[in-house]
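User: I should like to learn how to read helix packing and aromatic pairs in a structure. Please begin with the rings.

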Amino acid sequence: MIERFLKQTSFTSVEDYNKNLEFIIPENFNFAYDVMDAWAEEKPDGLALLWTNDQGEEIRATFKELKEQSDQAAAYLQSLGIGKNDPVMLILKRRYEWWVVMLALCKIGAIVIPATHMLTKKDIIYRNNRASVKAIICVDDAYVVSQIQAARADSPTVKQYITITDHGKPIPEGFHDYQSEWQKVPPFAKPAFVNENDDTMLMYFTSGTSGEPKMVAHDYLYAMGHLTTGVFWHNLHPGSLHLTVADTGWGKAVWGKFYGQWFAGATVFVFDHEKFNADTLLRQMEKYKVTSFCAPPTIYRFMIREDLSKYDLSSLEYCCTAGEALNPAVYEKFYEKTGIKMMEGFGQTETTMTLGTFPWMEPKPGSMGIPNAQYDIDLLRADGTPCEDGEKGEIVVRIGDRKPIGLFKGYYRDEEKTREAWHDGLYHTGDMAWRDEDGYYWFEGRIDDVIKSSGYRIGPFEVESALMTHPAVVECAITGVPDDIRGMVVKATVVLGKEWKDKAGDALVKELQQHVKKVTAPYKYPRIVEFVDELPKTISGKIRRVEIRNNDKVKVNSEK
């Protein structure tokens, strides 16, 4: 399959990859037709999707079956008046139908907007009106349905409401019943024209670590941009059974459960569950013999606190991580327990993988890896000049004669925000890093997260990594607190392990402070330590440091 889209399909070194990665770009590329339907012809009985849930239900779908089901779903959506360029919001959790509907919408040229099931009425109204959403397809969840219904009066562009539920359950008033209707329409007829390469295929609302979410618009070549994600970073091939832990409302879902994995001809494994539990997840990996695994560092932090010797993970060949920077202590512990080296990657909702650790590289614990050859990556100082090795700067993408495959089109209906991030031939990621002498990049934090204390610039990640080497710490977040003398001081918000919770107090605070002083430069130690049961996070699992900072401001103001 990949030989249709790459001039060279295998690489043996960083130099080979950097020199010879070259895409073959067809006219009017469409992932659903050019990859998935092509697989349905080439290996119709190949297992494309293995879905199971926490009730023990199971669905196995071949490439042929996914073609047939997505064709029929496309015909159904057309019968409801949905077609080219119509924005359709999906709120489907991890329901099997998400994969079918994603392909169906691609086949009719509609714009898909995946969204989280945690949205409130206000969130839904905002998204409906900002994107002129025409239809919402949702899971039959009481909370989700209630919020959508509450938003209806203020969502004039939405014409169709469709719910996916189990047979026999009552359908919410004003909703179409997908399960009873989708197979009753005439067979699908492919539209005479579906898309051009630069048409909008997919939009994500950013996770909103600060401010209102922006609409990130991607064209049809965005899917092709993930070929390198699945084939080279995840190191997948036909026969791989790949599990990425990600909610379908998060961009990481198409990173790890859709495009790149099916370019590789691998089987996507889905575990549909309501609440994460490390033991339950490990049991699923053991039962189904998962060969490849990707998850944010948070998941690994909880996994390594289990007795991994209790699980048969002998089928597991390859592990990756992204979404937040990986603490070296987590890498080392996982390697010690499994013998598998985690391969870290970096990207954003606006990009595919821009930095990564590839199979032909030796990972450095805590490093994001090297630039993906499909992007021209650099580090810049505040004045716009390039950084030297070892110097901290902002990660940017240099734009040449044409936009790199995988980079977003812009922020939909927001030219000002687009110009702020993308100007003078550069896309500014807003993320800080430094580069070592071997070309590996090391994450420092968002520009807004960097703490300036007594003349020092302190990246939150370096302090978090130091704290994570203490056995008491499961998770932590480093933020800055205003200080009259130092400008800002470092604060640590810490989640303790179960066996340490009853030791929370002044003695443990001092112990953690001394620990950080020994692991990293003493001036970086947290002068304030707060113990909490959980950290505020986005749906994608990213720590919302801005929420911690805002809560601290409220506390300070209330004390004045």
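Analyst: Both F29 and F263 are buried, a term for under 20% relative accessible area (exposed is over 50%, partly exposed in between; 1.4 Å probe, protein chains only). The model is predicted, with local features needing pLDDT of at least 70 and side-chain atom pairs 80 or more, while totals for chains, interfaces and linings use all residues. Residues are numbered from 1 along each chain as its sequence is written, and side-chain values use heavy atoms, leaving out hydrogens and water.

User: Are the rings of F29 and F263 stacked or edge-to-face?

Analyst: Rings of Phe, Tyr and Trp (its six-membered ring) pair if their centres lie within 6.5 Å; planes under 30 degrees apart count as stacked, over 60 as edge-to-face and the rest as tilted. The rings of F29 and F263 are stacked, because their centres are 6.4 Å apart and their planes are at 10 degrees. This pair joins distant parts of the chain, 234 residues apart: F29 is in the loop between α1 (14-20) and α2 (31-42), and F263 is in helix α11 (residues 259-263).

User: Which residues do ring pairs link into a cluster?

Analyst: The cluster holds F5, F29, F31, W98, W99, Y222, F258, Y259, W262 and F263.

User: At what angle do helices α3 and α4 pack?

Analyst: Helices (H or I, at least four residues) are DSSP runs, numbered from the N terminus. Axes are lines fitted to C-alpha atoms over the stretch in contact, and angles run from 0 to 180 degrees between N-to-C directions. Helix α3 (residues 63-79) packs against helix α4 (residues 97-108) at about 60 degrees, with axes 8 Å apart.

Note on methods: Helix = DSSP H or I, 4+ residues; strand = E, 2+ residues; numbered from the N terminus.
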